[in-house]
Number of protein chains: 2
Amino acid sequence: MAVGASTLPALHPVKGFRLGVASAGVKTPGRKDVVVMEIAEKATVAGVFTKNAFCAAPVVISKDHLATGRNRYLLVNTGNANAGTGAEGMADAYTCCQALADAANVKREDVLPFSTGVIGEKLPVDKIVQVVPEALANLDEDNWASAAEGILTTDTRPKGFSVQFTYEGQTVTVTGISKGSGMIMPNMATMLGYVATDVQVDRELLQALLAEKSDKSFNRITVDGDTSTNDSCMLVATGALDLEVTQDNEPLYKLFADALEQVMLELALAIVKDGEGATKLVTIHVESAASQKEALDTAYTVAHSPLVKTALFASDPNWGRILAAVGRAGIENFDLDALKIYLDDVCIVENGGRAASYTEEAGQAVMNQENILIKIVLNRGAVSETVWTTDLSQEYVSINADYRS
Amino acid sequence: MAVGASTLPALHPVKGFRLGVASAGVKTPGRKDVVVMEIAEKATVAGVFTKNAFCAAPVVISKDHLATGRNRYLLVNTGNANAGTGAEGMADAYTCCQALADAANVKREDVLPFSTGVIGEKLPVDKIVQVVPEALANLDEDNWASAAEGILTTDTRPKGFSVQFTYEGQTVTVTGISKGSGMIMPNMATMLGYVATDVQVDRELLQALLAEKSDKSFNRITVDGDTSTNDSCMLVATGALDLEVTQDNEPLYKLFADALEQVMLELALAIVKDGEGATKLVTIHVESAASQKEALDTAYTVAHSPLVKTALFASDPNWGRILAAVGRAGIENFDLDALKIYLDDVCIVENGGRAASYTEEAGQAVMNQENILIKIVLNRGAVSETVWTTDLSQEYVSINADYRS
C-alpha cells in the first residue's frame with residue numbers, strides 16, 4: 001500500500017551532475033542496485049547523516065571524505081547496508097571507493113560511499129566493484145529517474161522532485177531523489193536523499209542550508225520511530241551557472257532556499273506516503289507550544305502512538321486516543337482546559353473533554369480521507385511544529401515480520 | 001493470542017477484605033462489570049495512579065479520597081473509562097460514590113471510584129447505581145476469582161496471584177488481581193491492580209512500599225508504549241492479623257516486601273502475557289549502564305521499536321534491528337566496541353558488530369521460544385534495569401483497528 005499517485009514528476013537535469021546506474025545483483029539478481037553520481041570539479045557539497053550511534057561503515061567514511069572538501073563521486077549500493085560489520089565493513093567500503101577512484105582517475109577520498117539494505121551482513125564487494133565501470137559508462141545528466149529507481153529497497157515507488165525558477169534571466173534548477181519506507185525517523189537526514197543544483201554556493205553556507213531545510217523536511221517525518229544506521233542526505237551545488245548564492249544576496253538566497261525546501265519536503269513526504277503498509281498521510285501540527293521541545297514531543301508522541309495509528313488505519317475518529325497520547329507527552333503544568341484538538345477543521349477536544357460541537361459524523365468524514373490533519377493547539381506559547389507520519393496497518397507487521405529487511 | 005497457561009492460580013482470601021460482583025450492562029449485557037471491595041475499618045490503604053496529564057474523573061476523585069485516610073470501599077466499573085468527560089464526568093463519578101456510600105452507610109469520601117473502558121463517552125450512571133446493592137449483597141472474602149473477571153475489558157483471561165508465608169506462627173497472606181492488555185505503559189501503576197494483605201502496616205510505609213514495588217513491576221512493563229488515563233493500583237493492609245510491619249522490624253518487613261514484590265510482579269507479567277495480539281513474553285535486561293535513565297531509555301527504545309517487535313513476532317533473529325534500536329537510545333559518548341548483546345545466552349553483538357561465535361541457528365533456537373531474554377551489556381557503569389514487553393503481531397493491529405476500545 002502507499003498513499004496518493006505514484007507517478008514520478010519530471011526531473012530536470014542539473015548541469016555538472018551526472019548519474020549512472022548498474023545492476024550488481026547485491027541481493028536480487030537483475031535489479032538496478034548500484035548508482036554512481038559524478039560531481040563537477042568546482043562544485044561544493046554538503047551532507048547530513050544519521051545520529052544513530054551505530055553509524056554504518058559507509059556513513060563513517062562519507063563523513064570523513066566530505067570533510068576534505070574534494071568530493072567528485074557518490075557511490076550508492078542497495079541490498080546491503082554494510083552496518084554492524086565492524087572493521088571488515090570499513091575495509092569493504094574503502095575497497096569499493098578505491099575501485100571507483102581507480103576507474104575514474106581520482107583519489108579514494110574523492111569518493112563518498114552509501115549503502116542501504118540488510119544490516120549485519122558482509123558487503124558483497126566483488127559484485128559491486130565489477131559493475132562500477134558499467135555505471136561510469138552510462139553517466140548522464142538525464143539519468144535522474146533511473147537513479148531514483150536504483151536507490152530503492154522496500155520502497156514501492158521511486159521518489160523525486162524538481163523545481164526551477166528564473167533569476168536575472170537564468171533558469172536555476174533544484175532536483176532531488178530519495179528512498180525509504182521503513183525504519184523511518186530520520187535524525188539529521190532520511191534514509192538516502194540526493195539533491196543537486198546548478199548555482200554556486202559557498203560550502204559552509206550550503207551545509208547550513210542543508211541542515212536548516214532538513215529540520216523542516218526529512219527530520220520531521222516518521223513512519224515507525226526507528227532511526228536507521230545509514231541515513232544520509234547530500235546536497236550538491238555544481239556551480240555550472242554563473243550565479244552565486246550568498247546570504248548578502250537576498251532575493252536569490254530566498255528563491256533558492258524556498259526551492260530547496262520545496263524539493264526536500266516533497267522528497268520527505270514521498271517517503272511517508274510510501275511508508276510500509278501506509279494507507280494515510282497524516283500531518284500533525286502542534287500550535288502555540290511553550291518551546292520547540294514541547295511541540296516536537298507532543299507531535300511525536302501522537303505520531304508514534306500505536307493506538308492512534310491503528311485508529312487512523314481503521315478511519316475511526318477515536319479522539320480519546322489522541323487525547324491520551326497528548327496527555328502522556330510530558331508537558332508540565334498542563335492546563336487541560338486550554339487545549340484544543342482538531343481533525344482538519346473539526347474541533348474534537350476543548351474544555352478538557354469532547355467539544356460540545358463535535359459530532360461523530362463530522363469526525364468520521366475527516367477520518368475517511370486519505371490525507372488527515374491533526375491540529376493540536378496547546379495555548380501555552382508561540383512555537384509551532386509540524387510532523388508527518390502514516391497509519392499502522394496489518395501490512396506493516398506483515399512486511400516486517402515476513403521478510404528480513 | 002496470549003502467552004503461557006491461562007489458569008488462574010489459587011487466590012487466598014485476606015481477612016478484612018471482601019469483594020462483591022454485579023452485572024450492570026455498562027457496555028455488554030450480562031457481563032460482570034461492577035466490582036465492590038470492602039475494606040476493614042482499621043485498615044491502611046495506599047495507591048499509585050497514572051501520570052498521564054489527562055487523569056480520568058475517577059482517578060482525580062480516588063486520589064482526593066485516598067488523602068483523607070478513611071477508605072472503606074473501592075468501586076470499579078468496566079466498559080466505560082469516564083475519561084475526557086469534563087465536569088459531567090466528575091459529577092457522574094461522585095453520584096456513583098454517593099450511591100454506594102448511602103447503601104453501605106458510610107460517607108461519600110470513604111468510597112474510591114475506578115473506571116476502565118472506552119474514553120470520552122458519558123458514564124451510564126443509572127446502570128451502575130442500580131446494581132450497587134447487588135454487589136454489596138454478595139460481598140465475600142472468597143470472591144477474588146470472580147472479581148478478577150469483573151474488572152476485565154479487552155483482556156482474554158483473568159489475572160491474579162497470591163502468596164502466603166509464616167511468621168511467628170501466623171500465616172500472612174498477600175493476594176492481588178489486575179487487568180490490562182492494551183494502552184499499556186504504566187507510569188506509577190498499571191491499568192488496574194488491587195492487592196490486599198492481612199498484616200498491619202502504617203499508612204506512610206504502605207505507600208512507600210507500593211511505590212517502590214510498582215517501580216519493579218507495573219512500572220517496568222509495556223505493550224504499546226501508550227499510557228492510560230485511568231491507571232491505578234491500590235494496596236490495602238487490613239490489619240486483621242496481630243502482626244505489624246515496620247521498617248525496624250527487619251525479618252517481617254523483608255518477608256512482606258518480598259511477598260508483595262512477587263505478587264505485583266506476577267500481576268504485571270500477567271498483563272504483558274495477555275498483551276493485545278501477544279505471542280511472546282520478552283524480557284529486556286540492560287546491564288552495567290551509567291545511570292538508571294540510560295538503562296531505562298535503552299530498554300524502552302528496544303521494547304518500543306516496531307521493527308524489533310515484528311522480528312520477535314516472526315521469530316526472526318534479526319539482531320541488526322536490536323543493534324539499531326540501542327544505537328538510537330540517546331547514549332552519549334557510546335563506546336560501541338564495549339557493547340555486548342545476548343539472546344538468552346547466545347552472544348549476538350560484540351566488538352561493534354556481529355559476534356564471531358554467533359550462528360543463525362543458535363539465534364533462531366532462542367527466537368523460536370515463547371519466552372525470550374534480550375540482554376544488553378553496556379559496560380559503562382553499575383546500573384541494571386529490567387523491562388518486560390511483547391511482540392507486535394497483525395492481531396494487535398486488528399484488535400485496535402476493528403474495535404473502538
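**Helix packing and sheet organisation in a predicted two-chain model**

In chain B of this predicted model, helices α8(B) and α9(B) cross in the left-handed sense. The contact draws on Leu307(B), Val308(B), Thr310(B) and Ala311(B) from α8(B), and on Arg321(B), Ile322(B) and Ala325(B) from α9(B). By class, the residues of this contact comprise 5 nonpolar, 1 polar and 1 charged. Helix α8 of chain B covers residues 306–313 and helix α9 of chain B residues 319–327; their axes lie 9 Å apart, at an angle of about 155°. Since angles over 145 degrees count as roughly antiparallel, α8(B) is therefore roughly antiparallel to α9(B).

In chain A, helix α8 (residues 306–313) and helix α9 (residues 319–327) pack with an axis separation of 9 Å and an angle of about 155°. The two helices, α8(A) and α9(A), are therefore roughly antiparallel, and the crossing of α8(A) with α9(A) is left-handed. On the α8(A) side the contact involves Leu307(A), Val308(A), Thr310(A) and Ala311(A), while α9(A) contributes Arg321(A), Ile322(A) and Ala325(A). The contact of α8(A) with α9(A) contains 5 nonpolar residues, 1 polar residue and 1 charged residue.

A helix pair is also found between the chains. Helix α11 (residues 394–402) of chain B and α11(A) have axes that come within 8 Å and cross at roughly 175°. This angle makes α11(A) roughly antiparallel to α11(B). Gln394(A), Val397(A) and Ser398(A) of α11(A) form the contact with Gln394(B), Val397(B) and Ser398(B) of α11(B). The residues of this contact divide into 2 nonpolar and 4 polar, with no charged residue. Confidence bears on this part of the model: within chain A it is lowest in helix α11 (residues 394–402), where the mean pLDDT is 83, and highest in helix α3 (residues 125–137), at 98. For chain A the average pLDDT is 90, and 96% of the residues score at least 70.

Chain A contains an open sheet of 5 strands in the order β3-β10-β8-β7-β6, with mixed pairing. Its edge strands are β3 (44–49) and β6 (159–167) of chain A, each of which pairs on one side only. On average, neighbouring strands of this sheet are turned by 10° against each other, with direction ignored. Strand β3(A) runs antiparallel to strand β10 (residues 232–237) of chain A, and 6 bridges join the two. Within this pairing, Gly47(A) is placed opposite Met234(A) in β10(A). Two helices lie across β3 and β10 of chain A. Helix α1 (residues 57–66) of chain A does so at about 145° to β3(A), whereas helix α5 (residues 203–214) of chain A runs at about 35° to β3(A).

In chain B, an open sheet of 5 strands has mixed pairing and the order β3-β10-β8-β7-β6. Strands β3 (44–49) and β6 (159–167) of chain B form the edges, each pairing on one side only. The average turn between neighbouring strands of this sheet is 10°, direction ignored. Strand β8 (residues 192–197) of chain B and strand β10 (residues 232–237) of chain B run parallel and are joined by 6 bridges; Ala196(B) stands opposite Val236(B) of β10(B). Helix α1 (residues 57–66) of chain B packs on the sheet and touches β3 and β10 of chain B, with its direction at about 145° to that of β3(B). Helix α6 (residues 250–273) of chain B also packs on the sheet, where it touches β6, β7 (170–179), β8 and β10 of chain B; the direction of α6 makes about 165° with that of β6(B).

Further strand pairing in chain B involves β16(B). Strand β12 (residues 281–289) of chain B pairs with strand β16 (residues 371–377) of chain B in the parallel sense, over 7 bridges. In this pairing, His285(B) has Lys375(B) of β16(B) as its bridge partner. Strand β13 (residues 340–343) of chain B runs antiparallel to β16(B) and is joined to it by 4 bridges, with Ile341(B) opposite Ile376(B) in β16(B). Strand β16(B) thus has a parallel pairing with β12 of chain B and an antiparallel pairing with β13 of chain B.

How values were computed
Residues numbered from 1 in each chain as written. Chains lettered and ligands numbered in written order. Predicted model: local features only at pLDDT ≥ 70, side-chain atom pairs only at ≥ 80, totals over all residues. Heavy atoms only, no water. Axes fitted to C-alpha atoms, helices over the stretch in contact; angles between N-to-C directions. Parallel < 35°, antiparallel > 145°, perpendicular 65-115°, else oblique. Left-handed = near helix turned anticlockwise from the far one by under 90°. Contact = heavy atoms within 4.5 Å. Nonpolar A, V, L, I, M, F, W, Y, C, P; charged D, E, K, R; others polar. Pairing = 2+ DSSP bridges. pLDDT = per-residue confidence, 0-100.
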